[in-house]
Every structure is written in C-alpha cells, then in structure tokens.
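Take a look at the model below. Then let us walk through it step by step.

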Amino acid sequence: MTESINLRYNNLNNSIISRGKQLHAAMHSLQTFDRTFEQFLGWLSEAESLCENTESEVERNPHSLK
C-alpha cells in the first residue's frame with residue numbers, strides 16, 4: 001500500500017513539474033509576442049503618420065504628384 005501511495009505521489013509530482021515547465025514556456029512565449037506586438041504597433045504608428053503627412057502634402061499642393 002505504501003508503494004502504491006509513493007507511486008501516485010511521484011506521478012503527481014512529475015505531472016506538476018511538467019505543467020510548471022509548460023507554464024514557464026507559455027509565459028516566455030507570451031512575453032516574446034508582447035515585445036513583437038509593441039514593435040509592430042510602433043511601425044504601424046510611423047506608417048500612419050507618414051500617410052497622414054503625405055495626404056496633407058497632396059491637399060496643400062495637388063500638382064506635386066505630377
């Protein structure tokens with residue numbers, strides 16, 4: 001009976017350790033995604049500003065495209 005309890009304890013402990021590793025990997029992946037997403041938002045903001053500036057320039061001087 002003691003052997004059965006020890007076996008169940010070891011299985012549970014191994015399962016907890018495995019789940020902890022999976023959670024750690026998921027957190028790392030989420031942090032990486034967050035940094036990449038922030039970079040993308042920065043690029044998107046720059047592109048939006050460039051488009052707005054170009055639109056303003058065209059409105060001020062419509063013949064500048066020719």
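What follows goes from the overall fold to the surface, the charges and the aromatic rings.

This is a predicted model. Start with the fold. The protein chain has one helix and zero strands. Its radius of gyration is 28 Å, while the globule rule gives 11 Å for 66 residues, so the protein chain is more spread out than a compact globule. The C-alpha trace tells its own story. Along its principal axes it spans about 90 × 10 × 10 Å.

Now turn to the surface. How many of the 66 residues count as buried? The share is 0%. Buried here means under 20% relative accessible area. The protein chain exposes about 6400 Å². Carbon and sulfur atoms supply 58% of that area.

Next come the charges. The protein chain carries 6 positive and 9 negative side chains. The centres of these two sets lie 14 Å apart.

Finally, look at the aromatic rings. The structure holds two aromatic pairs. One of them joins Phe33 and Phe37. Their ring centres are 5.8 Å apart, and the planes make an angle of 15°. Planes under 30 degrees apart count as stacked, so this pair is stacked. Where do the two residues sit along the chain? Both belong to helix H1, which covers residues 2-60. They are four residues apart there, so about one helical turn separates Phe33 from Phe37.

How open are these two rings to the outside? Phe33 is exposed, with a relative accessible area of 53%. Phe37 has 37% relative accessibility and counts as partly exposed.

Key: Residues are numbered from 1 along each chain as its sequence is written. This is a predicted model: local features need pLDDT of at least 70, side-chain atom pairs count only at pLDDT 80 or more; totals for chains, interfaces and linings use all residues. Side-chain values use heavy atoms; hydrogens and water are left out. Helices (H or I, at least four residues) and strands (E, at least two) are DSSP runs, numbered from the N terminus. The radius of gyration is taken over C-alpha atoms; the globule rule is 2.2 Å times the number of residues to the power 0.38. Buried means under 20% relative accessible area, exposed over 50%, partly exposed in between (1.4 Å probe, protein chains only). Accessible areas come from the Shrake-Rupley method with a 1.4 Å probe; for residues, only the protein chains shown count as cover. Lys and Arg count as positive and Asp and Glu as negative; His and the chain ends are not counted. The place of a charge is taken as NZ of Lys, CZ of Arg, CG of Asp or CD of Glu. Rings of Phe, Tyr and Trp (its six-membered ring) pair if their centres lie within 6.5 Å; planes under 30 degrees apart count as stacked, over 60 as edge-to-face and the rest as tilted.
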